[in-house]
Amino acid sequence: PPRIVWLRRDLRLADQPAFCAAAEQGPVIPVYVLDDQRAGDRRLGGASRWWLHGSLEALDKRLRDAGSRLVLRRGDSVEQLVSLAREAGASGIDAIRHYEHWWREAEEQLASQLELHLHDGNYLAPPGTATTGSGQPFKIYTPFARALMPLLPLRDPLPEPKLRAPSRWPQSDRLADWHLLPTKPDWAAGFREAWVPGEDEAQERLEHFVSHAKDYANARNMPSVDGSSRLSPRLHWGELSPTQVWHALEGEHGAGADTFRGEIVWRDYAQNVILQSPRYPEESYRDGFARFPWRDPAKDKAAAADLRAWQRGRTGYPIVDAGMRQLWTTGWMHNRVRMIAASFLIKHLLIDWRHGERWFWDTLVDADYANNGVNWQWVSGSGVDSSMFTRIMAPLSQSDKFDAGDYIREWVPELAALSDASIHDPDDEERPKAYPERRIGHREARERALAAYRKVRA
Ligand code: FAD
């Protein structure tokens with residue numbers, strides 16, 4: 001009898017333990033279920049849907065080249081898989097384990113109804129592997145990384161399995177009928193220019209990055225330079241496994257590759273946080289933040305206008321606006337600019353980090369429950385990490401320090417004619433009419449934020 005491989009954020013054939021295990025047992029039926037119910041209000045955002053469409057299309061093509069194909073179903077994952085297993089006479093299901101609470105719940109329910117074999121494959125080590133001397137999970141990154149690093153890599157990447165087709169293919173939806181791509185308005189032109197989803201392109205980008213990894217330690221901080229890997233959507237969707245990335249860097253030593261390994265471990269760390277606090281991205285972790293006097297866009301018109309200006313890239317702070325427009329246009333934002341833009345929303349505009357987290361959830365192609373929630377709480381200082389609230393980033397000096405002039409010219413064309421000296425912080429005379437005034441001055445914002453924070457500490 002055939003085995004079902006249930007795919008979620010693991011859309012690859014190489015180093016895919018669920019495929020390998022299933023292929024050893026019999027013919028394989030690869031299935032993706034579009035489940036908009038289970039995740040509740042964490043259903044996939046618009047940018048994620050765009051990526052998913054391309055990645056499923058690419059995977060189906062790869063599978064067809066290997067004599068297989070992708071079966072698409074829509075609805076509740078558990079119901080769909082149980083009925084598919086019955087229809088296909090499958091002996092059971094292989095899947096890579098996921099840690100989002102809605103997936104863990106689905107896995108439990110599925111396991112009570114049929115034979116479900118879960119495999120580790122999306123992290124360098126299964127979350128929970130690194131523990132303190134007394135066997136407790138780590139709360140903060142540095143000791144976590146220090147404990148995990150010496151254990152890595154746990155294994156080598158697995159080869160692509162040979163897939164046998166079942167005697168009869170179950171019925172499948174048509175991908176186009178899922179309407180994952182935008183139509184009116186078609187906001188994805190910039191996405192198409194920036195990305196080609198799929199495992200082949202993920203591999204190409206990995207190779208390209210490895211050949212530049214030695215420059216990563218410095219280049220990663222410069223928004224005007226293509227200095228980071230841009231592998232985040234690949235890793236999120238599982239077009240690449242972190243084990244493959246680790247392996248590709250074997251033999252690369254020096255600050256670039258070492259710093260990069262540390263970032264990949266951040267991804268494992270975030271999952272380790274979610275394992276301990278499954279709803280971490282939903283609420284401030286530190287109690288005092290319940291008292292924080294956020295400006296609430298639902299009740300305060302000025303706050304609503306500020307939030308909108310931030311989302312649209314019209315805050316009057318060039319580096320923030322460049323980042324928010326890059327995000328809107330391409331579904332991705334440079335990490336340094338993510339930090340600046342997030343800090344700006346939380347501290348300059350005094351808007352609850354959860355509004356920002358939700359915006360990113362909808363607009364990022366790498367929107368990831370763990371990484372997004374952990375990073376937003378890291379910036380807001382409301383999380384498990386050391387308190388960061390009082391570290392209020394000055395957007396203008398950050399922009400200057402990391403030489404973001406060309407980045408601003410690319411994403412805020414109104415400012416393109418300004419010189420290096422004035423582009424980070426144009427004064428009233430230099431500022432073109434089309435570019436908005438600052439929503440709030442830096443010093444004023446800083447004082448307001450620190451005063452608000454006193455309530456948390458009280
Ligand atoms: P590189 O610098 O090349 O890093 C390599 C890989 O390491 C990344 O692809 C990513 O998988 C991982 N990584 C790097 N930095 C981090 C980090 N701080 N936390 C966790 N993993 C990391 N990353 C996401 O993947 N999804 C998100 O939803 C997300 N939301 C974020 C929100 C905020 C407010 C901030 C400040 C950061 C967020 N990040 C998120 C982390 C980071 O910004 C992105 O992973 C990175 O910019 C992706 O670009 P890259 O692939 O070129 O990264």
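**Exercise 1. Strand E4**

Task: Determine whether strand E4 (residues 92-96) is enclosed or open, and which strands pair with it.

Solution. The model is predicted.
Step 1. A residue counts as buried if 20 or more other C-beta atoms lie within 10 Å of its own. In E4, 4 of the 5 residues are buried, so the strand is largely enclosed by the rest of the structure.
Step 2. On one side, strand E1 (residues 3-7) runs parallel to E4 and is joined to it by 4 bridges. Within this pairing, Val5 stands opposite Asp94.
Step 3. E4 also pairs with strand E5 (residues 116-119), again in the parallel sense and over 4 bridges. Here Asp94 has His117 as its bridge partner.
Step 4. The connection from E4 to E5 involves helix H4 (residues 101-111), and the resulting β-α-β unit is right-handed.

**Exercise 2. Strand E3**

Task: Work out which residues of strand E3 (residues 71-74) form the covered face, and how E3 is linked to strand E2.

Solution.
Step 1. In a regular strand, side chains alternate between the two faces of the sheet.
Step 2. In E3, Val71 and Arg73 make up the covered face, while Leu72 and Arg74 make up the uncovered one.
Step 3. E3 runs parallel to strand E2 (residues 28-34), with 4 bridges between them. Tyr32 has Leu72 as its bridge partner in E3.
Step 4. Between E2 and E3 the chain passes through helix H2 (residues 46-65), in a right-handed β-α-β crossover.

**Exercise 3. The annotated N-terminal region**

Task: State which annotation covers residues 1-124 and describe the secondary structure of that stretch.

Solution.
Step 1. The UniProt record, an unreviewed entry, annotates residues 1-124 as "domain: Photolyase/cryptochrome alpha/beta".
Step 2. In the model, this stretch is 42% helix and 20% strand. Its end C-alpha atoms are 32 Å apart.

**Exercise 4. The shell around the ligand**

Task: Describe the residues around the ligand by distance, type, helix and domain.

Solution.
Step 1. The shell has 27 residues, of which Ser228, Ser229, Ser232, Asn335 and Asn372 come nearest to the ligand.
Step 2. By type, the shell holds 12 nonpolar, 8 polar and 7 charged residues.
Step 3. Four helices each supply at least two shell residues: H9 (232-237), H11 (255-276), H14 (335-348) and H16 (369-380).
Step 4. Domain 2 (123-153 + 198-276) and domain 3 (282-457) each give at least three residues to the shell.

**Exercise 5. The annotated binding site**

Task: List the residues that UniProt gives for "binding site", find how far they spread, and decide whether Phe260 is buried or exposed.

Solution.
Step 1. The unreviewed UniProt entry lists Tyr216, Ser228, Ser229, Arg230, Leu231, Ser232, Phe260, Asp366, Ala367 and Asp368.
Step 2. These positions span 153 residues of sequence, and in space their C-alpha atoms are up to 22.8 Å apart.
Step 3. Phe260 belongs to helix H11. Because 24 other C-beta atoms lie within 10 Å, Phe260 is buried.

**Exercise 6. An arginine in helix H12**

Task: Classify Arg308 as buried or exposed, and give its separation from Glu239.

Solution.
Step 1. Arg308 is part of helix H12 (residues 301-312).
Step 2. The cut-off for an exposed residue is 12 or fewer other C-beta atoms within 10 Å. Arg308 has 11, so Arg308 is exposed.
Step 3. From Arg308 to Glu239 there are 69 residues in sequence and 33 Å in space, C-alpha to C-alpha.

**Exercise 7. Backbone geometry in loops**

Task: Locate the cis peptide bonds at Pro153 and Pro185, and the positive phi angles of Asp15 and Asp403.

Solution.
Step 1. Leu152 and Pro153 are joined by a cis peptide bond with omega of about -5°. Pro153 sits in the loop between helix H5 (141-148) and helix H6 (189-194).
Step 2. The bond from Lys184 to Pro185 is cis as well, with omega near -5°. Pro185 lies in the loop between H5 and H6.
Step 3. Asp15, not a glycine, has a positive phi of about 45°. Its place is the loop between E1 and helix H1 (17-25). Asp15 counts as buried because it has 23 C-beta neighbours inside 10 Å.
Step 4. Asp403 has a positive phi near 55°. This residue is found in the loop between helix H17 (395-401) and helix H18 (405-411). With 15 other C-beta atoms within 10 Å, Asp403 is partly exposed.

Conventions:
Residues are numbered from 1 along each chain as its sequence is written. This is a predicted model: local features need pLDDT of at least 70, side-chain atom pairs count only at pLDDT 80 or more; totals for chains, interfaces and linings use all residues. A residue is near a molecule or strand if its C-beta atom, placed from the backbone, lies within 6 Å of it. Ala, Val, Leu, Ile, Met, Phe, Trp, Tyr, Cys and Pro count as nonpolar, Asp, Glu, Lys and Arg as charged, and the others, Gly among them, as polar. Domain bounds come from an automatic or database domain assignment. Two strands pair if DSSP finds at least two bridges between them. A crossover is right-handed if, with the strands pointing away from the viewer, the path from the first strand over the helix to the second runs clockwise. UniProt positions are given in the numbering used here, feature names are shortened, and annotations may be inferred rather than shown by experiment.
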